[in-house]
Amino acid sequence: MDLRIPAFITAVIAVAGASNDQRIIAGIIGAAFVFCTFITLPQNQRVLLLSAAGFPLVFTAGMPVFTGLLLISVMITVLTAAGVKTDTKILLAAAGTGVAGGIFSMQLSVVLPVLAAGIFTLAVLYVIFVRAYRLKKEVEGTNT
Amino acid sequence: MRPTLLTGLLLLFSLLSFMYAWMMNSAEAAAAGLGLLVFVSLSAGIFQTNLRSLALSLTVVREADRTVVDQNGLISITSAITAVTGRLTASFDDVLPPGALLVSGSPAFTAGRASYRFRLPVIGSSYFQGVRATCRDQFFTQTLLIARGAELPKLTMYPTGITATHFAVGQGSGWSAVEFDRPALISGYDTRTLRPYAEGDSVRNIDWKLSGKHQELYVRLKMDASGGLPALFIDLPPEGTADELRLHFAETAVGALESLNIGENFPVVFFKGAADPEIISSGKTSVILEKLKETENTTTGEHLFRLRHPSSLVRETMITSRDPTKTELRIREITREYAGRNPTAFESKMGSISAEMAKQTHITYVTAALGDLSHMTYLINETKRHQRHATVFVAGAAGTPRETKVRTAFTLAGADVVEMV
């Protein structure tokens with residue numbers, strides 16, 4: 001997928017869904033977000049810049065539905081920039097994150113975001129430690 | 001598995017988002033932080049999946065010019081590797097069998113191939129430890145030792161024979177006598193001593209009568225009829241060793257001198273770390289006792305430069321769980337460039353001592369075996385290479401947790417007898 005398409009969609013959603021007092025800042029950050037997709041950059045720097053511009057863009061959303069939509073489009077843009085093939089699993093993960101973000105924005109409970117952040121921190125630690133350890137054991141020979 | 005700088009920054013963004021959410025009561029910021037965490041966990045999962053595919057697709061084929069060698073024999077290896085790296089950036093290194101000493105070439109794969117030569121001082125069967133793969137993508141990096149299916153070929157080393165070390169019959173008297181071993185003269189060989197069976201020993205050398213009596217296999221160590229003389233090597237303990245241990249060490253050294261009963265004109269060689277060894281005649285008791293009061297004065301890391309390519313240096317420079325620094329890379333480069341080309345000062349000195357001791361065929365070592373053992377294993381190897389008999393007395397290690405480790409190291413180096421005192 002061309003990186004510029006989700007980036008442009010993200011900027012449009014950001015400006016359309018921004019709360020009234022933050023529409024200008026959403027426009028500026030959105031433009032910067034799109035600009036990052038046009039300039040020539042190494043892949044890791046592009047990912048870093050898109051993350052640095054994209055996720056603060058979510059802060060400007062005025063309504064829960066736009067928070068969710070913004071999260072989905074920012075994640076797809078950054079994942080595309082990182083060279084990840086956007087398949088069904090990735091789309092589902094992005095959609096799940098978007099729905100969760102939308103629910104957070106409704107401010108139903110303080111516990112919910114803390115719980116979700118905790119779960120995903122555990123997921124990162126699981127992959128870094130447990131899966132890495134299992135792989136290490138899997139390739140270990142009888143001679144070591 | 002370690003995150004790269006980029007992942008670290010993303011996690012920092014996530015933390016900042018949560019802090020902002022907490023301070024400004026912004027639910028959107030919490031959602032953004034969550035988005036970043038999901039992104040990082042997805043990246044970690046993708047990296048692990050790619051790494052697993054790479055590890056399972058890896059195949060290595062090694063061609064050895066020989067698989068059965070004599071003690072310290074040289075083996076030439078040509079390795080070819082294939083692996084599906086996918087989106088990962090990967091580099092591979094062959095990992096030599098435990099105890100092997102790289103002599104020339106490099107075990108790092110370049111364009112899928114690696115050629116190198118090494119010595120194998122370990123008695124019995126040895127296998128390669130595998131292939132070390134260093135993989136990275138934008139978000140994570142990991143160094144993985146892939147051993148499954150990467151251990152062949154099996155290498156076997158048989159120890160060399162042992163020269164005669166005692167005098168049975170002959171002409172003249174005293175230590176200048178020329179003496180011969182009568183049983184050896186008649187049968188071609190005699191039994192020098194017996195020791196427990198170790199993997200790699202010939203089945204023909206097993207003493208079945210003794211083995212039956214002790215319910216454990218014993219092998220006869222043979223000697224020929226050439227005769228030979230003894231020598232004592234004393235490896236002084238390092239600075240800072242407890243007084244009690246030093247006293248025990250000195251007692252062991254004097255005890256070895258007494259029990260060997262080697263007369264007055266045989267060499268007693270003192271080692272003080274990487275410094276030049278000092279040779280003292282066995283008759284000069286007062287000088288020997290004075291030397292025993294000294295300690296090793298090696299500075300930290302100096303042991304690494306005793307040998308041209310000790311396995312400890314390979315371990316310290318090649319096995320690292322993090323990205324190597326410029327200095328480490330430079331050391332690695334120098335190590336590879338000069339591996340096996342020029343003997344170190346220590347090796348040259350040992351070469352000349354070895355040449356002087358052409359008649360000394362029964363070498364006894366006394367050591368405290370504290371810290372680095374590479375020089376001791378090197379000396380024992382040299383002893384075996386010259387077809388001499390090596391007995392090692394280790395002072396202060398009996399009953400301690402390092403006993404097994406020390407015994408294994410010296411036995412693998414080829415010592416015929418290792419006594420914990």
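Colleague: How many residues does the contact take from chain A and from chain B?
Modeller: This is a predicted model: local features need pLDDT of at least 70, side-chain atom pairs count only at pLDDT 80 or more, and totals for chains, interfaces and linings use all residues. Residues are numbered from 1 along each chain as its sequence is written, while chains are lettered from A and ligands numbered from 1 in the order in which they are written. Two residues are in contact if their C-beta atoms, placed from the backbone, lie within 7 Å. By that rule, chain A gives 44 residues and chain B gives 44 residues.

Colleague: Which element gives the largest share of the side of chain A that touches chain B?
Modeller: Helices (H or I, at least four residues) and strands (E, at least two) are DSSP runs, numbered from the N terminus. Those giving two or more residues to this side are helix H3 (43-59), helix H4 (64-81), helix H5 (88-105) and helix H6 (111-138) of chain A. The largest share, 13 residues, comes from H6(A).

Colleague: How do the residues on that side of chain A divide by type?
Modeller: Ala, Val, Leu, Ile, Met, Phe, Trp, Tyr, Cys and Pro count as nonpolar; Asp, Glu, Lys and Arg as charged; the others, Gly among them, as polar. The split is 28 nonpolar, 13 polar and three charged.

Colleague: Which element gives the most to the largest nonpolar core?
Modeller: A residue is buried if 20 or more other C-beta atoms lie within 10 Å of its own, exposed if 12 or fewer, and partly exposed in between, with C-beta atoms placed from the backbone. A nonpolar core is a set of buried Ala, Val, Leu, Ile, Met, Phe, Trp, Tyr and Cys residues joined through C-beta atoms within 7 Å. The largest one has 138 residues, and Leu57(A), Val58(A), Leu70(A), Met75(A) and Ile234(B) touch the most other members. With 17 residues, the top contributor is helix H2 (residues 27-57) of chain B.

Colleague: Which residues does Leu57(A) touch, not counting residues up to four places away in sequence?
Modeller: Leu57(A) is among the core residues that touch the most other members. Its partners here are Thr10(A), Ala14(A), Ala26(A), Ile29(A), Gly30(A), Phe33(A), Leu70(A) and Val74(A).

Colleague: Why does Ala52(A) count as it does: buried, exposed or partly exposed?
Modeller: Ala52(A) lies in helix H3 of chain A. Ala52(A) has 16 C-beta neighbours inside 10 Å, so it counts as partly exposed.

Colleague: Where does UniProt place the feature "transmembrane region" in chain A?
Modeller: UniProt positions follow the numbering used here, feature names are shortened, and annotations may be inferred rather than shown by experiment. In the model, residues 114-133 of chain A are 100% helix and 0% strand, with end C-alpha atoms 28 Å apart. Residues 90-108 of chain A are 84% helix and 0% strand, with ends 27 Å apart. The unreviewed UniProt entry lists residues 24-41, 53-78, 90-108 and 114-133.

Colleague: What share of the residues of chain B count as buried?
Modeller: Chain B has eleven helices and 21 strands. Of its 421 residues, the share that counts as buried is 42%.

Colleague: Which residues form the uncovered face of S11(B)?
Modeller: In a regular strand the side chains alternate between the two faces of the sheet. The covered face of S11(B) holds Leu155(B) and Met157(B); the uncovered one holds Thr156(B) and Tyr158(B).

Colleague: Which residue in S11(B) is the bridge partner of Ser126(B)?
Modeller: Two strands pair if DSSP finds at least two bridges between them. Strand S3 (residues 68-70) of chain B runs parallel to S11(B), joined by three bridges, and Val68(B) stands opposite Thr156(B). Strand S8 (residues 124-126) of chain B pairs with S11(B) in the antiparallel sense over three bridges. The partner of Ser126(B) is Leu155(B).

Colleague: Which residue does a cis peptide bond join to Leu152(B)?
Modeller: The partner lies in the loop between strand S10 (140-146) and strand S11 (155-158) of chain B. Omega is about 5° for this bond, which joins Leu152(B) to Pro153(B).

Colleague: What is the phi of Asn25(B)?
Modeller: Asn25(B) is found in the loop between helix H1 (5-24) and H2 of chain B. Asn25(B) is exposed, with 11 other C-beta atoms within 10 Å. Although Asn25(B) is not a glycine, its phi is positive, at about 55°.
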